[in-house]
Amino acid sequence: MKEQKKKVARSERKVAETPALEFCGREVRELGVGVGTMLGACFVDGRGLNTLARHFISALEPMASNDGISASPTAASDSVFNHLVRAPEDPILGVTVAFNKDPSPVKLNLGVGAYRTEEGKPLVLNVVRKVEQQLINDLSRNKEYIPIVGLADFNKLSAKLIFGADSPAIQENRVTTVQCLSGTGSLRVGGEFLAKHYHHRTIYLPTPTWGNHHKVFNLAGLSVKTYRYYAPATRGLDFEGLLEDLGAAPSGSIILLHACAHNPTGVDPTLEQWEQIRQLIRLKALLPFFDSAYQASLFCGFASGSLDADAQPVRLFVADGGELLLAQSYAKNLGLYGERVGALSIVCKSPDVASRVESQLKLVIRPMFSSPPIHGASIVAAILKDGDLFNEWTIELKAMADRIISMRQQLFDALQSRGTPGDWSHIIKQIGMFTFTGLNAEQVSFMTNEYHIYMTSDGRISMAGLSSKTVPHLADAIHAAVTGGA
Ligand code: PGU
């Protein structure tokens, strides 16, 4: 016992003498012995305790065996990140990186889906500028943290925008809406919520789809599978393939659906096809997860020109009383790309379930970004709340949409007039911001190298990045690419 006390004293001295940042092997080992002995001293001779002490020492062994370890960063000859390989650029956002590096005066960025004016400049909507001014002038506003779920007004109004003011689900308090970081953040929060709380962890994505979907849902903890969507031969919807694949998905699977203006193909089901999809999904108890990044009818080219028209597929699913998730983005329709404004809504069977779902969504959001930003959501809430501002918004939306539609026509005409081989009618048939041209990766890289035209390698071009001035240049490039230039 005496000897044990001496040992304890010795090792305590040793610990005290050990300079905190110089745990070379021996000190670490002795620290282990010391702690083990201390434990032994407290509980007298237990054999289990010797084992515990040995265990403690062996846990420290790998650290101790490397006598060269030093916590001093200056002493390390190599970076601790030296093993990292360079990651590839993002397939979409990386197009802008490459574009920015190109000094050519004729360069054209048709990669990212972001609206540009006829002069090729980014656009801040007048209604947004106006509301921002009002917000700045209102000295009663502050920059306090907002609740974990975001601004209450923003959430309510966002749900109304997509589900309709008279939506039974809203009236019955069966919808929970939480403000998230734009469309991407809303998808991610929804994905993590499902991975944690839903009994089936497989999500089916259309082929093709927005490339980030795969990464978002994988990292959220879901396993990702695909269903057929696009038929390259017809440049249309592979409706048979879609029904077959959804029909074969195990009951309970999550199905990602683009609410409108499918990215990248610009091909949407008709309302009748949507109704068939809905019936199948409900019959098989699949769980729909809508991605609504382009709600602005006008982008989608509906003749009605009403925001409600784009929401019709979603509303079909809400009307049947079933459950669903929906991620909403204000990046494109309000031009708030960098403000990162969006929302996740979950339509539930009852108000009680909706409120429990919301309580769990808070537990997903809190450790992810704690609470969302205030500025962009305040802009959206102000516009959605006020009839006049709302009308101003729809007028500006119409101007953006008209420009995109006119670009489609101009590009189509330019290819016709050059006699470019092939059927290019899909340019005017597809809807939304993008044309899925059918150009292959080789043709795309030819157009980039020879014509300084930047686009994603799948042949998608953002029509919103074109202008009357740049259409001829693009048409020349496509013509050269398909007539053997590439
Ligand atoms: N869902 C779809 C279908 C999208 O196309 C996009 C944006 C998002 C969600 C996410 O948008 P948020 O900005 O997070 O609201 N896709 C664009 C923008 C660039 C990108 O890849 O993020 C695109 O060009 O495909």
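The dialogue below goes through several features of a predicted model.

Me: Before any single element, what does the predicted model hold in the way of helices and strands, and how many of the residues count as buried?

Reply: The protein has 20 helices and 13 strands, and of its 486 residues 48% count as buried. Among contacts between residues at least 6 apart in sequence, 75% join residues at least 24 apart.

Me: How should I read a strand such as β10, and which way do its residues point?

Reply: In a regular strand the side chains alternate between the two faces of the sheet. In β10, V341, A343, S345 and V347 point one way, while G342, L344 and I346 point the other way, and all are buried. Strand β10, which spans residues 341–347, is accordingly described as mostly covered, with seven of its seven residues buried.

Me: Which strands are joined to β10, and how many bridges are there to each?

Reply: Strand β2 (residues 175–181) runs antiparallel to β10 and is joined to it by seven bridges, and strand β9 (residues 324–329), also antiparallel to β10, is joined to it by six bridges. G342 serves as a reference point for both pairings, since it is the bridge partner of C180 and also the bridge partner of S329.

Me: Where is the largest pocket, and why is it placed there?

Reply: Rolling a probe the size of a water molecule over the atoms shows where empty space is left. The largest pocket lies between domain 2 (93–123 + 402–485) and domain 3 (145–385), because both of these domains give residues to its lining. The space in this pocket comes to about 920 Å³, and 47 residues line it, with I92, L93, V112, W210 and K332 lying nearest its centre. The elements that give two or more residues to the lining are α4 (93–101), α5 (126–137), α8 (182–197) and α9 (212–220), and the largest share, four residues, comes from α8.

Me: What is the make-up of that lining by class?

Reply: The lining of the largest pocket has 21 nonpolar, 16 polar and ten charged residues.

Me: How many cavities of 30 Å³ or more are there, and which residues line the largest cavity?

Reply: The structure holds one cavity of 30 Å³ or more, and the volume of the largest cavity is about 40 Å³. Its lining is made by Y227, Y229, L242, L257, H258, P269, W274 and I277, and by class these divide into seven nonpolar, one polar and no charged. Both β7 (254–258) and α11 (271–283) supply at least two residues of this lining.

Me: Towards the end of the chain, which residues of helix α20 are buried, and what covers them?

Reply: In α20 (residues 471–485), the buried residues are V471, H473, L474, A475, A477, I478, A480 and A481. What covers the buried residues of this helix includes α17 (387–418), α19 (441–451), β12 (453–454) and β13 (460–462).

Me: Within β12, is Y454 buried or exposed, and what is it in contact with?

Reply: Y454, which has its place in strand β12, has a relative accessible area of 11% and is therefore buried, the cut-off for that word being under 20%. Leaving aside neighbours within four places in sequence, Y454 is in contact with V95, A98, F99, D102, K107, L108, N109, L110, G111 and T448. The C-alpha atoms of Y454 and A98 are separated by 8.0 Å, although these residues are 356 residues apart along the chain.

Notes: Residues numbered from 1 in each chain as written. Predicted model: local features only at pLDDT ≥ 70, side-chain atom pairs only at ≥ 80, totals over all residues. Heavy atoms only, no water. Buried < 20%, exposed > 50% of the residue type's maximum accessible area, 1.4 Å probe, protein only. Pairing = 2+ DSSP bridges. 1 Å grid on protein atoms, 1.4 Å probe; cavity = no way out; pocket = protein on both sides within 12 Å on 5 of 7 lines; lining within 4 Å. Points joined across faces, edges and corners; volume = space filled by probe spheres on them. Nonpolar A, V, L, I, M, F, W, Y, C, P; charged D, E, K, R; others polar. Domains from an automatic or database assignment. Contact = heavy atoms within 4.5 Å.
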